[in-house]
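Trainee: Could you take me through the inside of this one, slowly? I'd like a close look at how the buried part is put together and where it leaves empty space.

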Amino acid sequence: HKRGGDRKEVLPCLACKAILLGTPPPARALSSCCQPWSPGCTQEVAGRLQALLQADQAPWAGCSQGVVNSCSGLQHVGTSASSKVDIMVFSALRPKKERNDFMAPPVSGLWELRSRRGEMRSRMELLLMETQARVCRALAQLDGAAAFSVDSWERQEGGGGISCVLQDGDIFEKAGVNVSVVFGHLSEEAAQQMRSRGKALKAKDGKLPFCAMGVSSVIHPKNPHVPTIHFNYRYFEIEEADGSKQWWFGGGTDLTPTYLNQEDAVHFHKTLKEACDKHGPELYPKYKKWCDNYFYIKHRGERRGIGGIFFDDLDSPSKEEVFQFVQSCAEAIVPCYIPIVKKHCHDSFTPEEKLWQQLRRGRYVEFNLVYDRGTKFGLATPGSRIESILMSLPLTARWEYMHTPPENSKEAEILEVLRNPKDWVH
């Protein structure tokens, strides 16, 4: 049980209630359970857990006896110093897959996801968690000097997320990979944003229940010869007034180099094309063009980078087929980017090249704050976590008045491509 702040009454804890009922608690409950413990509850919880273990009742079978012993020994509550419990004793309650394969327990809880594993919301959340872990581990292994800080958070209005951020490493200045799973009611501003894209949303009593989930990442390297990458894959469900549901997927992966390297551009686009071609030869050219148009900084007359793929509001040919396509795109992130980082992370560079990187990052910031749909949706959603939304911004950037690179320079070369996108795979 958990005390209600300074109040005298004792509030039931989700994890304790679940153990007493013999049902698996949400994983997020285990991460905040019983600090401080309440007198009288621990013996009952320990007794119930002991019975479950003896009965070999899933999912408790195989849990550490130390968990039971820890529960049994906690029979008093005094000051916070004497009553607080190391919540890691509950790590034994988490399935091995959850502890080893993900950066943190899923927002919805692994047992809950498994219990409705046939639903798209569960399958998509597991894909997001797997993608986050795969990318974070590849980046951390490559950097070597810095580790990801993992921050699980809850949204009061419903849902939560997991933010993984690496800063000031040897190779990466800032790398963030976020998962969010939020639900509740759409704000009017968010609903209007969707209607402007052709969504005919019919609210009931002015409310539109929704669920939105996604994995989003921006990786800013230190070396100006290593490009920045961004990816985002997401799923939406909205329930309309008559009870019917609209659903769609969105996402993409794009590259923003400071300096142009033809081989890198071809490798990046070719890898994404191969992922798309598994689901139809028409997809890559369609979503490559969409990407070039979406990441257009209108007030500058240039693209943010050399593109990649981008799609949104994707609800055909079927939910299963679109999910399989998104899965292929997510699996292409590491092979399309990590070889480029390995190739250039130890390249030498001049102060002038570092300055150009800072100026290009300024353009990156301009797009994200002025045009990006994800940023605008997040800022328009009540209870959103601002730190996670703005994770995409670099640690450093620069703006100079009327800066123009010399003609025929390497800086002018990349500007030409940003103003006139190229076909990199034909």
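**A look inside**

Mentor: Let's start at Y337, which, leaving aside its neighbours within four places in sequence, is in contact with F172, I219, P221, V226, P227, T228, I229 and L255. Keep in mind that this is a predicted model. Hang on to F172, V226 and T228 from that list, as these names will come back.

Now zoom out to the group around Y337. The largest nonpolar core has 73 residues, and those that touch the most other members are M124, F172, Y233, F249 and Y337. Helix α8 gives the most to this core, with eleven residues. There is also a second, separate core of nine residues, and L208, F210, I238 and W248 are among its members. For the bigger picture, the chain has 17 helices and eleven strands, and 52% of its 426 residues are buried. Among contacts between residues at least 6 apart in sequence, 70% join residues at least 24 apart.

Since α8 came up, take one of its residues. T131 lies in helix α8, which runs over residues 120-143. T131 counts as buried because its relative accessibility is 0%, and the cut-off for buried is under 20%. What does the polar part of the T131 side chain have for company? One of its polar atoms lies 2.8 Å from the backbone oxygen of L127. Further along the chain, leaving aside neighbours within four places in sequence, T131 is in contact with V215, F231, A330 and I333.

Next, the empty space. Rolling a probe the size of a water molecule over the atoms shows where such space is left. Here, a search of the whole structure finds five cavities of 30 Å³ or more. The largest has a volume of about 810 Å³. It is lined by 44 residues, and the closest to its centre are S180, S216, N232, G374 and T375. Plenty of elements chip in: those giving two or more residues to the lining are β5 (172-185), α9 (188-195), β6, β7 (228-239), β8 (245-256), β11 (307-314), α15 (373-380) and α16 (386-389). Strand β6 provides the largest share, six residues. So what sort of wall is it? By class, the lining of the largest cavity divides into 17 nonpolar, 18 polar and nine charged residues.

The second largest cavity has a volume of about 90 Å³. Its lining consists of H220, V226, T228, T256, T258, Q357, R360, R361 and Y364. There are V226 and T228 again, which are also contacts of Y337. Helix α14 (residues 351-370) gives the largest share of this lining, four residues. By class, the lining of the second largest cavity has two nonpolar, five polar and two charged residues.

H220 deserves its own look. H220 sits in strand β6, residues 209-221, the strand that gives the largest cavity the largest share of its lining, while H220 itself lines the second largest cavity. H220 is buried, because its relative accessible area is 1%. Where do its polar atoms go? The H220 side chain makes a polar contact with the side chain of T228 at 3.3 Å, and it also reaches the backbone oxygen of S392 at 2.9 Å. Not counting residues up to four places away in sequence, H220 touches F172, E173, K174, T228, R361, Y364, S392, L393 and P394. F172 and T228 turn up here as well as in the Y337 list, and T228, R361 and Y364 also line the second largest cavity.

For contrast, try Q324, in helix α12 (residues 319-331). Buried or partly exposed? Q324 counts as partly exposed, because its relative accessibility is 30%. The Q324 side chain makes a polar contact with the side chain of E320 at 2.6 Å. Not counting residues up to four places away in sequence, Q324 touches R123 and H279. The C-alpha atoms of Q324 and H279 are separated by 8.4 Å, although these residues are 45 apart along the chain.

Note on methods: Residues are numbered from 1 along each chain as its sequence is written. This is a predicted model: local features need pLDDT of at least 70, side-chain atom pairs count only at pLDDT 80 or more; totals for chains, interfaces and linings use all residues. Side-chain values use heavy atoms; hydrogens and water are left out. Buried means under 20% relative accessible area, exposed over 50%, partly exposed in between (1.4 Å probe, protein chains only). A polar contact is a pair of N or O atoms within 3.5 Å; within protein, one must be able to donate a hydrogen and the other to accept it, and residues adjacent in sequence count only if both atoms are side-chain atoms. Contact means heavy atoms within 4.5 Å. On a 1 Å grid over the protein atoms alone, a cavity is a set of points where a 1.4 Å probe fits but cannot get out, and a pocket is an open set with protein on both sides within 12 Å along at least five of seven lines; lining residues have an atom within 4 Å of a point. Grid points are joined across faces, edges and corners, and a volume is the space filled by probe spheres set on the points. Ala, Val, Leu, Ile, Met, Phe, Trp, Tyr, Cys and Pro count as nonpolar, Asp, Glu, Lys and Arg as charged, and the others, Gly among them, as polar. A nonpolar core is a set of buried Ala, Val, Leu, Ile, Met, Phe, Trp, Tyr and Cys residues joined through side-chain atoms within 4.5 Å.
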